[in-house]
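Dear colleague,

Please find below the structure that I am handing over to you. My notes on it follow.

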Amino acid sequence: MMPLHMNTQPAIAMDRMDAAVEEVLASTAFIDIHTHLFSPALGSLGLWGIDELLTYHYLEAELFRFSSITPDQYWNLSKIQRADLIWKTLFVENTPISEAARGVIAVLNALNLDTSVTSLESLRAFFCSQQMADYIPRLFHLAGISHAVMTNDPLDPEETALWNRGIETDSMFPAALRIDRILNQWESHHAILASQGYVVDAAARGSSVKEVRRFLSVWIQRMKPLYMAVSWPDAFEFPKDDLRTRLFREAVLPSCREFDLPMALMIGVRRQVNPALRMAGDGMGRADMRAVQNIALEFPDNRFLISMLSRENQHELCVVARKFRNLLPFGCWWFVNTTSIVEEITRERLELLGTSFIPQHSDARILEQLIYKWRNTRRTIGPVLAQQYKLLIADGRQITREDVQRDVNRLFRTNFENWIHRAD
Ligand code: RAT
Ligand code: ZN
């Protein structure tokens, strides 16, 4: 009898598995499903270059552990002075051994720049001379990605001013509609909607729900997002008799269904635990997975992308995803995007979910970060995936290059394309 599945390629030998997986990962362009980058059309918002790389808030948090400068003194410096101080403190006087610091080294090295300069002038000259039209494709190539999904805030005054002038959609930078200000900061934002002609009130009563849906549909048509997204605190509960639940249940999720968009929930952030550090001042906590479970159960007709910030929530997330097919775990976000934890999370996801998840997004805020974040991902996840195949071989199943390619495509491309109901 003919086997049902005709695999035309030879089986990969156990001792070739690491290399084979590495090659497939290297030659597959990934979709980066969550970044804070912007298309060139939104150029004034986009960050790139050495001064931005060094003043990344992950590194600012580390600066205050090594330098005696106070946050107030630091914020009084110019961007260039801040970058000089961070370079001197974290890269010259100390070894850049942390994940975020090592990332800068990896970027400089990938761009053939000197990683041990004592002054940043030569690096500044390099970055200043780049032309975005060539530079962006070069960075995407170095990072091994085809798309970088943006994070687009319809209530950010700087960003909306650009959209209102008319922005062409950019196939390399699809949009994602981020609605934190509606679901988390209604108190300080309903008046802005009202000033734009939406009939809403502070308690989100009366026509508010209908009007929020109208607001969302205007921005969905303008930005053409691939999904809507929100970040939630560790302490959020669902259901609860509060504004957030009402707006989520009655406005946001019906709009997702109307426009066939998934909803991304990024759960576990404690904003501004140390406000003096500004963006570097956010913390995290363990969330109650029952809230996610309740959402998955109540809204079977919505699709959810879910990322959790706390390491302690990762295993529970896998288990909840096994119960609810409308949940798609994604990424190792922010504080869990470190080599040791990515390794652990990816292994438990493969073990509990097979290939039905999205292993990583970059969260890049500065263009060049794409390089190190995706290099780290390939380097860390490759051996974890290879190990699963080795166990499978040991248990009696041959693995071919086609199998590996199919799995890598699913993990880093088609699970997302299918979730957004789009394949290009
Ligand atoms: O990872 C980050 O850069 C954070 O500051 C957050 O922006 C987080 O990723 C988020 O999307 O809320
Ligand atoms: Zn983010």
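**Findings**

Aspartate 363 has a relative accessibility of 6%, and it therefore counts as buried, the limit being under 20%. Please bear in mind that this is a predicted model.

The zinc site

Aspartate 363 serves as a donor to the zinc ion (ligand 2) through OD, together with His34 and His36, each through NE2. These protein donors lie 2.0 to 2.1 Å from the ion. Along the sequence, the spacing of the donor residues reads H-x1-H-x326-D. Distant parts of the chain are linked in this way: histidine 34 belongs to the loop between β1 (30-32) and α2 (50-54), aspartate 363 to the loop between α16 (339-353) and α17 (369-394), and 329 residues separate the pair. Histidine 34 is likewise classed as buried, because its relative accessibility is 3%.

Ligand 1

Which residues surround ligand 1? They are His34, His36, His57, Tyr58, Arg178, Arg271, Trp333, Trp334, Asp363 and Arg365. His34, His36 and Asp363 are thus found around ligand 1 and are also the protein donors of the zinc ion. Several polar side-chain atoms approach oxygen atoms of ligand 1. For histidine 34 the distance is 3.2 Å. For arginine 271, an N or O atom of the side chain is 3.0 Å from an oxygen atom of the ligand, and a polar side-chain atom of tryptophan 333 lies 3.0 Å from one. Of the 300 Å² of accessible area that ligand 1 has on its own, the protein covers 97%.

Helix α16 and the loop after it

Helix α16 comprises 15 residues and spans 21 Å from its first C-alpha to its last, close to the 21 Å expected at 1.5 Å a residue. Its buried residues are Ile341, Val342, Ile345, Thr346, Glu348, Arg349, Leu350 and Leu353. Their cover includes α15 (314-323), β9 (327-329) and α17. Following the helix is glycine 354, with a positive phi near 60 degrees.

Glutamine 360 is located in the loop between α16 and α17. Is this residue buried or exposed? Glutamine 360 is buried, because its relative accessible area is 1%. Its side chain forms a polar contact of 3.1 Å with the side chain of asparagine 337. Leaving aside residues up to four places away in sequence, glutamine 360 touches Gly331, Cys332, Asn337, Val342, Trp374, Thr377 and Phe412. Among these, Val342 is one of the buried residues of α16.

Arginine 303 and leucine 297

Arginine 303 occupies the loop between α14 (289-298) and β8 (304-308). With a relative accessibility of 14%, arginine 303 is counted as buried. What does its side chain reach at 2.7 Å? The partner is the backbone oxygen of tryptophan 419. Not counting residues up to four places away in sequence, arginine 303 has contacts with Asp260, Leu261, Pro262, Met263, Asn326, Trp419, Ile420 and His421.

Leucine 297, by contrast, is placed in helix α14 itself. Its relative accessibility is 59%, and it therefore counts as exposed, for which the limit is over 50%. From C-alpha to C-alpha, leucine 297 is 9.4 Å from lysine 323 in space, while 26 residues separate the two in sequence.

With kind regards

Technical notes: Residues numbered from 1 in each chain as written. Chains lettered and ligands numbered in written order. Predicted model: local features only at pLDDT ≥ 70, side-chain atom pairs only at ≥ 80, totals over all residues. Heavy atoms only, no water. Donors = N, O, S within 2.8 Å, 3.2 Å for Na, K, Ca; no water. Helix = DSSP H or I, 4+ residues; strand = E, 2+ residues; numbered from the N terminus. Buried < 20%, exposed > 50% of the residue type's maximum accessible area, 1.4 Å probe, protein only. Expected span 1.5 Å × (residues − 1). Contact = heavy atoms within 4.5 Å. Near = heavy atom within 4 Å. Polar contact = N/O pair within 3.5 Å; in protein donor to acceptor, adjacent residues only side chain to side chain. Areas by Shrake-Rupley, 256 points an atom, 1.4 Å probe, with all protein chains shown as cover.
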